[in-house]
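Here are my notes on the structure you sent over, as numbered points. Have the model open while you read, and follow along residue by residue.

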Amino acid sequence: MDQAGRDIERAAELIFQSQRIVVFTGAGVSTESGIPDFRSPGGIWTTFEPEDFTIQRFLSSPETRIKIWTLGRAFKFQQAFPNAAHHAIVDIEKMGKLSAVITQNIDNLHQRAGNRPTLVVELHGNMQEVVCTSCRALWSWEQVEQRVLAGEGDPRCKQCGGILKPNAVFFGEPLPVHAFMKAHEKSCRCDLFVVIGSSLVVYPAAEMPRYAKSNGAKLMIINLSDTDQDYLADMSIKGSAGEVMPRIINAVEKRMKSAVESHLTSL
Ligand code: APR
C-alpha cells in the first residue's frame, strides 16, 4: 500500500474511533463546486481586494457596494452544487459521529448537501440573506438581487432607507456572538477536529483547531497546500477534498461493517 493509501487508512481509523467529531471547513471544500477560494492562484483576492470587504469601505463607498452586489453572480454561489466532500461530511453525520460543522464559508453548501442546519455553525455569516445596516431588517438574497438586476446598483432598505449589506461578516465586523460561542464550545468538547480546505490564517476562526488540541482532541488537516497549523496536526493529508474524503468514508464504512460482523459472530 502506498503512502496515500496508508494516510487514508490512518484517517479512517481516527474517524472510526471518534464519537464527537467537529469538521471545520474553509473555501477549499467548495472549489470543486466551482466557487473559487480566496488565497490560491485565481482566488477571490485576485479579482477583489480584501479592502473591498471591510465594513468601513462598504458603508462609505457606493462604488464598492455596486461591485460587491455583482459578487453573487461573479462567483456563481446560486448555481453551485455540493460536491463529494460535502456529501462525505453528511455521511459522518449519518454515522452519528458529527458534533458540528464549523464553516467559514457563506455558500450554504453544507445545508444543501444535507447536514442538519442546527449542526452547521456559520462563523462568517452567509450570502443567503441581506441585512439593513440601520434597522437590521432581513431580506432574501434573491429579493435584493432582483432589484440589482433591475438596475438598482446600490439598493436601500425599503423600511428605513438604510444601506443594505449581504449578511456575511465583513472585515472589521465582529463574528456573530452566538456562532462563535457555539463553535468554541464544540471545539473544546470534540475528540477529533478535522480541517478541510482552509489555509487557517484568518482569526478568530483559526483559533478553533487550537481550542480542540488544547482540550485533548486529535487534529486532522486535509488540504491541497500547506496550512498555517500543519505543525499542530496529528496527521495531515495533502490532496483534494472531493477525492480524499469519499475514500476515507469508504474505509470507515468497511471498519464499521466488519465490527458489526465480528459482533454478530461473537453472539
Ligand atoms: N481540496 C482541498 N483543499 C483545497 C481545495 C480542494 N479542492 N481547493 C483549495 N484548497 C485549499 C487551498 O490550498 C487553501 O489552502 O483550501 C485553502 C483555502 O484557503 P483560503 O483561500 O485562505 O480560504 P479560507 O481558509 O476559507 O479563508 C478564510 O478568509 O478571506 C477570508 O472570510 C474569508 O472565510 C474566509 C477566510
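1. Let's start with a salt bridge: the side chains of Arg255 and Glu13 pair up, with N to O at 2.6 Å. Keep in mind that this is a predicted model. Arg255 sits in helix H10 and Glu13 in helix H1 (residues 3-17), so in sequence the partners are 242 residues apart and the pair links distant parts of the chain. Glu13 itself is partly exposed, at 30% relative accessible area.

2. That pair belongs to a longer list, as a search of the whole structure turns up 17 salt bridges. Another one worth clicking on is Arg65 with Asp154, where the closest N and O atoms are 2.8 Å apart. Arg65 is in helix H3 (residues 62-69), while Asp154 is in the loop between helix H7 (141-149) and strand S6 (164-168), so this bridge ties together parts that are 89 residues apart in sequence. Is Arg65 buried or exposed? Arg65 counts as buried, with 2% relative accessibility.

3. Next, have a look around Asp52. You'll find Asp52 in the loop between strand S1 (21-25) and helix H2 (55-60). Its side chain meets that of Arg57 in a salt bridge, N to O at 3.1 Å, and the two side chains are also listed as a polar contact of 3.1 Å. The two partners differ in how much surface they show: Asp52 is buried at 2% relative accessibility, whereas Arg57 is partly exposed at 29%. Which residues make up the salt-bridge network here? Glu49, Asp52, Arg57 and Lys67 are linked in it.

4. Now the ligand. There are 23 residues around it, and those that come nearest are Glu32, Arg39, Ser198, Ser199 and Ser225. For Ser225, an N or O atom of the side chain is 2.7 Å from an oxygen atom of the ligand. The backbone takes part too: a backbone N or O atom of Gln104 lies 3.3 Å from a ligand oxygen, and a polar backbone atom of Gly28 is 3.5 Å from a ligand nitrogen. Taken alone the ligand exposes 730 Å², and the protein buries 94% of that.

5. On to the cysteines. How many disulfides does a search of the whole structure find? The answer is zero. Cys135 is in no disulfide, and its nearest cysteine sulfur is that of Cys132, 3.7 Å away. Cys157 is in no disulfide either, with the sulfur of Cys135 as its nearest, at 3.7 Å. Why don't these count? A disulfide needs the two sulfur atoms within 2.5 Å, so a separation of 3.7 Å doesn't qualify. As for surroundings, Cys135 is partly exposed, with a relative accessible area of 34%, but Cys157 is buried at 5%.

6. A few backbone details deserve a second look. As background, most residues other than glycine have a negative phi, and most peptide bonds are trans. Here, the peptide bond from Tyr203 to Pro204 is cis, with omega near 10°. Pro204 is in the loop between strand S7 (192-196) and helix H9 (208-214). Leu200 is in the loop between S7 and H9 as well. Its phi is near 55°, a positive value in a residue other than glycine, and Leu200 is buried, with just 1% relative accessibility. Asn108 also has a positive phi, near 70°. To find Asn108, go to the loop between strand S2 (98-103) and helix H6 (109-113).

7. Last, something on the surface. Val260, Leu264 and Leu267 make a nonpolar surface patch of about 330 Å². Where does Leu267 sit? Leu267 is in the segment after helix H10 (241-266), and its relative accessible area of 72% makes it exposed.

How values were computed
Residues are numbered from 1 along each chain as its sequence is written. This is a predicted model: local features need pLDDT of at least 70, side-chain atom pairs count only at pLDDT 80 or more; totals for chains, interfaces and linings use all residues. Side-chain values use heavy atoms; hydrogens and water are left out. Buried means under 20% relative accessible area, exposed over 50%, partly exposed in between (1.4 Å probe, protein chains only). Patches are made of residues with over 30% relative accessible area and no salt bridge: like charges are joined within 9 Å, nonpolar side chains (Val, Leu, Ile, Met, Phe, Trp, Tyr) within 5 Å. Accessible areas come from the Shrake-Rupley method with a 1.4 Å probe; for residues, only the protein chains shown count as cover. A salt bridge is a side-chain nitrogen of Lys or Arg within 4 Å of a carboxyl oxygen of Asp or Glu. Helices (H or I, at least four residues) and strands (E, at least two) are DSSP runs, numbered from the N terminus. A residue is near a molecule or strand if one of its heavy atoms lies within 4 Å of it. A polar contact is a pair of N or O atoms within 3.5 Å; within protein, one must be able to donate a hydrogen and the other to accept it, and residues adjacent in sequence count only if both atoms are side-chain atoms.
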